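Visitor: I would like to go through this model and hear the reasons behind the words used for it. Please set each label against its cut-off.

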Amino acid sequence: MSTLARSDRGALPARAVRSRRSLLSRWLGIGLETYVSLPLFALLLVGALWFATLHVIDSERSAAQEAALDATRELVDTYEAQMARSLSGIDQTLRVLKYAVEQNGPTGALPALAAQGLLPPGLVFQVAIMNADGRVLASNPALGAHDLSQAPWLAFHRNTPHDTPFVSETSGGDEPHLHFTRRINDAAGHFAGVAMVAVDPSYFTSSYERSRQGERGLLGLAGRDGIVRVLRIGENVSWGQRFAPGAADAVVLRDAGVDAELRYTSTRPLNGFPLVAVVGLSQSEQMAQFEQGRRAWLLGAGAGTALVLGVVTLVSAWSWQLAKARRRERRAQQTYAAASEASLDAFFVLRAVYGPGNSVLDFTIEAANGRAEQLTGLSKQQMAGQRMSVLLPASLGACMFEDLAAVATDGVAREAEWQAQELPLPDRWLYRQVVPVEGGVVAIVGDITERKTTEQRIRHLAHHDDLTGLPNRSLLRDRLGQAIREAERKGSAVGLAFIDLDGFKLVNDGLGHNAGDELLKVVGARMGRCLRRTDTLARFGGDEFVILLPDLSGDPMAITPLLEKVRQAVTEPVLVEGQEVQVSSSIGVAFYPRDGADTNTLMMNADAAMYRAKDMGNNNVQFYASEMNASVEEKLVLLEGLRAALDTCVDGYQGACQFELLYQPKVDLRTNRLFGVEALIRWHHPENGMVSPLRFISLAEESGLIVQIGEWVVRTACRQVQAWRAAGLPPLSVSVNVSARQFEEKRLVERIEGALRETGLPPGALEVEVTESSIMRDLARSIDKMRELKAMGVSLSIDDFGTGYSSLSALKSFPISRLKIDKSFVSDLAESQDDQAIAMAVISLGHKLNLRVIAEGVETEQQRDFLRANDCDEMQGYLFSRPVPAHEIAAMLAVDQA
């Protein structure tokens, strides 16, 4: 046992050593490859090249900097010597002047010196003698009478008893001068005046040489007080700047504070005067030659690097391609074997068998994969070496052989799809791709049955309604076109019936979209059972269906029984989500060729006939007549007029607004007090006169103009009520109707808030009336919107209560304050016990929910008395007042106030 353990422990290190050796051998082999070793050598070569280049550049930079320092030192030495000579001459002149004054007096000193030829040239130097008060006594050239009592040198010498020269700051504007002065004493040793020599400051920088100092060199004098007396840079001479002298004889790279230029700067104090000589050489000019050399070195090194890298890249790429080719060759068979076995497609490697004239007679199967075995039902061993014509089924070989031979001949790949019958799994859709190889072809065959099935499903969905499964608009148009062409050929007729479900919108809004969808499916199935096998029932969209009736005799009466059967099938009650609902249908029919010779015309005319059926009161069949298009045109004209009317009501329009609001009073049934009004819109058409809301409100809903019209109504009503309040009339509320389209609009709350803010009307004076069906379209969102209005202070009421499908559970969640009994329940209130029962139930329900109840359409005293007797709170209707203009409401309020 211990021997085996020692043996295992000895085997483990041995395997580890062999593994490390194998890994090392592998890496050495990779390293010896040309595409690896050559780049490494190139990197070393490039590194050495750049090291040498940077070293040379660094050496040359140091040499250039040292040369600049030496040039600066030499320049400051030269300039100091020049300034020493110049200042010595000036000082000698001052001393001579002083001596001449002592010998000849202030007025005789200059003539005496001129006679001896001791005066300096007047073009450069001005010589003057001043008394103790600063008055010029004598000068050369003549200065005239000058009062220099405030000159700084006068105060300096008066207060300085010893004989110290003074150098002023440069002054003089267009003719600047630098003044050198010495003290003159009288015989008693007291201050008697000043000897002065004034010099043009450029005199001290005239030794500036471009060849030596360049275009941006610096040369000048600065006082030990830090003020520059004269400074020259190139051709520019300036003075008065602040300058801090550095240590004597030191050369510093600095910005002199004049032009932000870095210079090698040196300063040297001048003996005998409080002055410092300043010189500077521009760093950029001094190092320019070095920079040129540096760029040349970098360019050369870069070019050498690019050359080396280019050559190495080409050689390495060539070596890499060779290595890849070798690897591909080694892995090709492994990859083919693995890929072909793992593939879901069948692979056949086929060698061509050539006959006379290089024609392909047959193919020999050289290799195949596992999927090929499943496809053919033959093993690889059975297929290997066999002729395709002998081994594979005749139908498979026949359908493929032409493509195989063509690919082997012209070398162009081909692909095709076909449905195979004689395979282990018949009726399969197959896809083949044939590609040329040396000496033959490779055929790749895949099973695409699932894809074909999916495509057929997609085609079905593209031409059928996904809710009812009926043909859709696209398929209907295609079949209608075919039916028209067939009828033209046979001389027969084609019928086209457009069907619109009456009352579907009420079900869809009241019970929800799921209930509406279920109703559409049931009604569609019923209509389908009424048709012939050759007929087509299609869903055109929404609650519209179309029936295509081909191959007719042309007599409209022949299809009347069928259409009546369809109409009756639609009207049968349908149980939807536990509630029985009933809809009817409006059917419009058009015939080819009588009512239209093409698809579009026939569909348009059938649609016009359907709208005529709806105008006739729904639930009937109408055959197309040419005058029906006139009503469509009339509707389009009315719509255009509606848009124009809106334009007349915008702010800034010069003419009269075509819309007008009338107000119908609402009164308290207990006190007969007028407490509010309902705003009702009217349209004064410029050509047709007064247009009834029944004609244009539904059209505004369809077109979307109801949103803009509704906003105008809210703003106008709020403005009018606020105007009554401002006139001192008793306050009252105004209610406005909000349509379903308005209530769904996202900015409804924002628009109402804007109207209240703009007019200043308190929110509590506005009531918004919405219908049950509007709320039930999207219950959750409707409640949220109603709560926003309630939070704003606006009241809400349910209009036409009892005509929709709202549930009691939904009603209790509405943030409302009033229920309005629909006038359809009020009109027969005096005679109909059913209407009485409904009205009493609504009143009781409202009071149980702490809501006020108002009845609309009250026209008789009997109706009023019944409502009052059953505790209805409020009423409105012709019994009290019809809708009237605003001024009549004002008159009513004034009477109440009196």
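**Reasons behind the labels**

Guide: Ser881 touches Gln664, Pro665 and Met892, leaving out residues up to four places away in sequence. Touching, or contact, stands for heavy atoms within 4.5 Å. This is a predicted model, in which local features need pLDDT of at least 70 and side-chain atom pairs count only at pLDDT 80 or more, while totals for chains, interfaces and linings use all residues. Residues are numbered from 1 along each chain as its sequence is written, and side-chain values use heavy atoms, without hydrogens and water.

Visitor: Where does Ser881 lie, and why is Ser881 called buried?

Guide: Ser881 is in the loop between E32 and helix H29 (886-897). Helices (H or I, at least four residues) and strands (E, at least two) are DSSP runs, numbered from the N terminus. Buried means under 20% relative accessible area, exposed over 50%, and partly exposed in between (1.4 Å probe, protein chains only). Ser881 has a relative accessibility of 8%, and therefore counts as buried.

Visitor: What is the predictor's confidence in this protein, and which elements mark its extremes?

Guide: The mean pLDDT, a confidence given to each residue from 0 to 100, is 84 for the protein, and 91% of the residues reach 70 or more. Among the elements, the lowest mean, 61, belongs to helix H1 (residues 2-31), and the highest, 95, to strand E32 (residues 874-876).

Visitor: How do you know that Cys649 and Cys657 form a disulfide?

Guide: A disulfide is a covalent bond between the sulfur atoms of two cysteines. The criterion applied is a pair of cysteine sulfur atoms within 2.5 Å. The sulfur atoms of Cys649 and Cys657 are 1.8 Å apart, and the pair therefore qualifies as a disulfide. The search of the whole structure finds 1 disulfide.

Visitor: What makes this disulfide right-handed, and are its cysteines, Cys649 and Cys657, buried or partly exposed?

Guide: The torsion about the S-S bond is about 75°, so the disulfide is right-handed. Cys649 is buried at a relative accessible area of 12%, whereas Cys657, at 29%, counts as partly exposed.

Visitor: Why is Cys718 without a bond?

Guide: The closest cysteine sulfur, in Cys657, is 16 Å from that of Cys718, which is too far for a bond. Cys718 is buried, with a relative accessible area of 0%. Cys872 also counts as buried, at 1%.

Visitor: How do you know that strands E28 and E29 pair?

Guide: Two strands pair if DSSP finds at least two bridges between them. Strand E28 (residues 766-771) and E29 have 5 bridges in the parallel sense, so they meet the criterion. One bridge partner in E29 is Leu796, opposite Val768. Parallel strand E30 (residues 818-821) is joined to E29 by 3 bridges, and Phe801 stands opposite Ile821 in E30. Strand E29 (residues 795-801) is mostly covered, with 6 of its 7 residues buried.

Visitor: Which residues touch the most other members of the largest nonpolar core?

Guide: Such a core is a set of buried Ala, Val, Leu, Ile, Met, Phe, Trp, Tyr and Cys residues joined through side-chain atoms within 4.5 Å. The largest has 80 residues, and Phe659, Ile709, Trp724, Phe814, Ile816 and Ile821 touch the most other members. Helix H20 (residues 706-726) gives the most to this core, with 10 residues. Apart from this core lies another, of 35 residues, including Ile90 and Leu178.

Visitor: What makes E18 and E23 edge strands?

Guide: The open sheet has 5 strands in the order E18-E19-E17-E22-E23, with mixed pairing. Strand E18 (536-541) and strand E23 (621-623) each have a single partner strand, so one side of each is left without a neighbour in the sheet. Within the sheet, E17 and strand E19 (residues 544-552) run antiparallel and are joined by 7 bridges, with Ile499 opposite Phe545 in E19.

Visitor: Why is helix H14 called mostly covered, and against which elements do its buried residues pack?

Guide: Of the 8 residues of helix H14 (residues 504-511), 6 are buried: Phe504, Val507, Asn508, Asp509, Gly510 and Leu511. These buried residues pack against strand E17 (493-502), helix H15 (513-529), strand E21 (579-581) and helix H23 (772-776). Just after H14, Gly512 takes a positive phi of about 105°.
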